[in-house]
Amino acid sequence: MKKHLRLILEILMGLLLAGAVTVAYWSYTGKSHVMGELTEASEGMEEAQQELDKVSKELKEAQEKVAEYEPAAKQMAAMKDAFSNGVVLQDYEAFIKAQKGPIISERQLGLGALRMLTKGAEDPDTVSAFEKALEMAEWTSRLKSICAAQNALAAAGQKVKVLADCALEGSKGHGKAHAVHWDYVGEMGPDKWGSEFPTCGNGTKQSPLNIVGPFEKSKDVLAVSYKEGALKILNNGHTIQVNVEPGSTLKINKDVYNLLQFHFHRPSEEQIDGKPMAMVAHFVHKNAEGKLAVLGVLLNEGKDNDAIKTIWDKAPKAEGPELVVEGAKFNPAVLVPAALTHYSYEGSLTTPPCTEGVNFYILKTTMDIGKKQVADFPFKKNARPVQPLNGRKINAN
Ligand SMILES: [Zn+2]
């Protein structure tokens with residue numbers, strides 16, 4: 001838009017100058033020579049008019065695009081909650097690296113957007129990714145997509161500094177997308193999630209469950225192989241989450257799942273015979289086909305837990321981007337008991353968008369957590385109520 005405006009200004013300036021010269025020229029040489037200049041000037045005027053038409057048409061289209069991106073903004077907010085872990089970013093960076101030929105600006109823009117979701121808008125990597133996208137973008141042809149992406153991100157509640165030039169006149173006050181908020185209490189509590197995230201309301205295989213017999217025999221054999229890595233902690237406004245570097249796996253029979261992240265709920269979302277435990281740790285895994293599996297470790301109020309102390313000490317008290325704890329190493333295996341006997345069932349994400357097709361393995365052996373450690377967890381209650389079984393079988397071994 002800026003470039004267009006500058007072009008128009010240049011043309012108009014040119015016309016003014018041409019006009020001044022014309023008058024002088026006219027008085028000096030008479031009519032005949034001037035006709036050529038005037039024709040040229042009016043052609044220039046037409047060109048300027050066309051540019052003006054084009055720019056106002058583009059402005060109108062861009063404004064329509066903002067409304068069009070409202071669902072995308074909602075999805076992005078949901079995606080942020082569901083997948084705000086570093087592994088998705090790593091996947092995408094690896095994907096971009098593997099592409100042959102130059103990286104197109106849209107892809108660079110996508111990288112910026114993902115960095116923003118995983119590292120936050122203030123992170124220098126996010127800013128540099130967007131700056132690179134801007135450098136790469138042909139300002140005239142890519143402006144609409146850049147502005148649309150920027151407005152979508154702004155609507156998703158992200159602070160967008162880099163592309164502030166895209167701010168559209170007239171978009172303030174109406175037709176503006178809003179970020180979808182959800183909570184564990186109040187107006188956007190669990191019983192209202194379905195109004196914004198349909199699966200949460202009408203899904204038939206939802207988590208968590210009250211685990212109560214009779215059970216089917218579980219034939220699944222689990223093998224945990226978690227590795228030590230950098231300690232990356234995030235307070236995403238709903239829980240404390242630790243993002244895990246690639247290399248830690250859970251084998252379910254012969255299927256390998258990569259550990260993406262683990263996080264906590266207070267009290268435990270799952271109940272055993274109608275009773276929740278003090279807390280639960282959910283270890284979220286994904287296999288090569290993208291299928292999710294959650295390993296749940298119930299935390300029983302008892303002795304202080306050293307691993308919990310390490311995490312709690314560094315966990316951000318307020319919502320914000322991932323924090324990489326300098327010099328710290330952490331092995332998630334210390335939070336998993338040796339015995340892997342379990343209850344298992346088909347379920348869903350326990351937070352919006354409540355996507356189904358997630359297999360749950362809740363270990364029978366609990367780990368201890370100190371009373372004060374439970375009290376120190378920054379979320380007083382972040383557990384979704386138990387959901388109807390709807391004819392599902394719960395397995396046990
Ligand atoms: Zn969870």
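Q: Which residues does V297 touch, not counting residues up to four places away in sequence?
A: In this predicted model, V297 is among the residues with the most contacts inside the largest nonpolar core. Leaving aside residues up to four places away in sequence, the residues that V297 touches are V280, A281, L335, V336, P337, L363 and M367.

Q: Which strand gives the largest share of the largest nonpolar core?
A: The largest nonpolar core has 54 residues, and M279, A281, V294, V297 and L299 have the most contacts inside it. Nonpolar side chains tend to be buried together in soluble globular proteins. Seven residues, the largest share of this core, come from strand β11 (residues 292–302).

Q: How many residues does the second, separate core have?
A: A second core stands separate from the 54-residue one. Its members include L89, L111, L114 and A129. The size of this second core is nine residues.

Q: In which sense do β11 and strand β14 pair, parallel or antiparallel?
A: Within this pair of strands, V294 has F360 in β14 as its bridge partner. Strand β14 covers residues 356–363, and five bridges link it to β11. The sense of the pairing is parallel.

Q: Which residue stands opposite S348 in β14?
A: Strand β13 (residues 342–348) pairs with β14 over seven bridges. This pairing is antiparallel. Opposite S348, in β14, stands E356.

Q: Which residues of strand β5 point the other way from I240 and V242?
A: In a regular strand, side chains alternate between the two faces of the sheet. Strand β5 spans residues 240–243, and I240 and V242 point one way from it. All four of the residues named for this strand are buried; those pointing the other way are Q241 and N243.

Q: Which residue in β5 is the bridge partner of K232?
A: Strand β4 (residues 229–235) pairs with β5 in the antiparallel sense over four bridges. The hairpin of these two strands has four residues between them, and G237 there takes a positive phi near 90 degrees. Within β5, the bridge partner of K232 is N243.

Q: Which residue in β7 stands opposite Q241?
A: Strand β5 is also joined to strand β7 (residues 255–265), by three bridges. The two strands run antiparallel. Opposite Q241 in β7 stands H263.

Q: Which strands are the edge strands of the open sheet in the order β1-β8-β9?
A: Three strands form this open sheet, with mixed pairing. Strand β8 (residues 271–272) and β9 run antiparallel and are joined by two bridges, with I272 opposite K275 in β9. Each edge strand pairs on one side only, and the edge strands are β1 (210–211) and β9 (275–276).

Q: Why is D306 classed as buried or exposed?
A: D306 has its place in helix α10 (residues 306–314). Its C-alpha atom is separated by 8.9 Å from that of I369, 63 residues apart along the chain. A residue counts as exposed if 12 or fewer other C-beta atoms lie within 10 Å of its own. Because D306 has 9 other C-beta atoms within 10 Å, it is exposed.

Q: Over which residues is the pLDDT below 50?
A: The chain averages a pLDDT of 79, and 68% of the residues score at least 70. One stretch below 50 has 15 contacts in the model beyond near neighbours in sequence, and another has eight such contacts. Where pLDDT is low, the predicted coordinates should not be read in detail. The stretches are residues 12–34 and residues 161–165.

Key. Residues numbered from 1 in each chain as written. Predicted model: local features only at pLDDT ≥ 70, side-chain atom pairs only at ≥ 80, totals over all residues. pLDDT = per-residue confidence, 0-100. Contact = placed C-beta atoms within 7 Å. Core = buried A, V, L, I, M, F, W, Y, C linked by C-beta atoms within 7 Å. Buried ≥ 20, exposed ≤ 12 C-beta atoms within 10 Å, placed from the backbone. Pairing = 2+ DSSP bridges.
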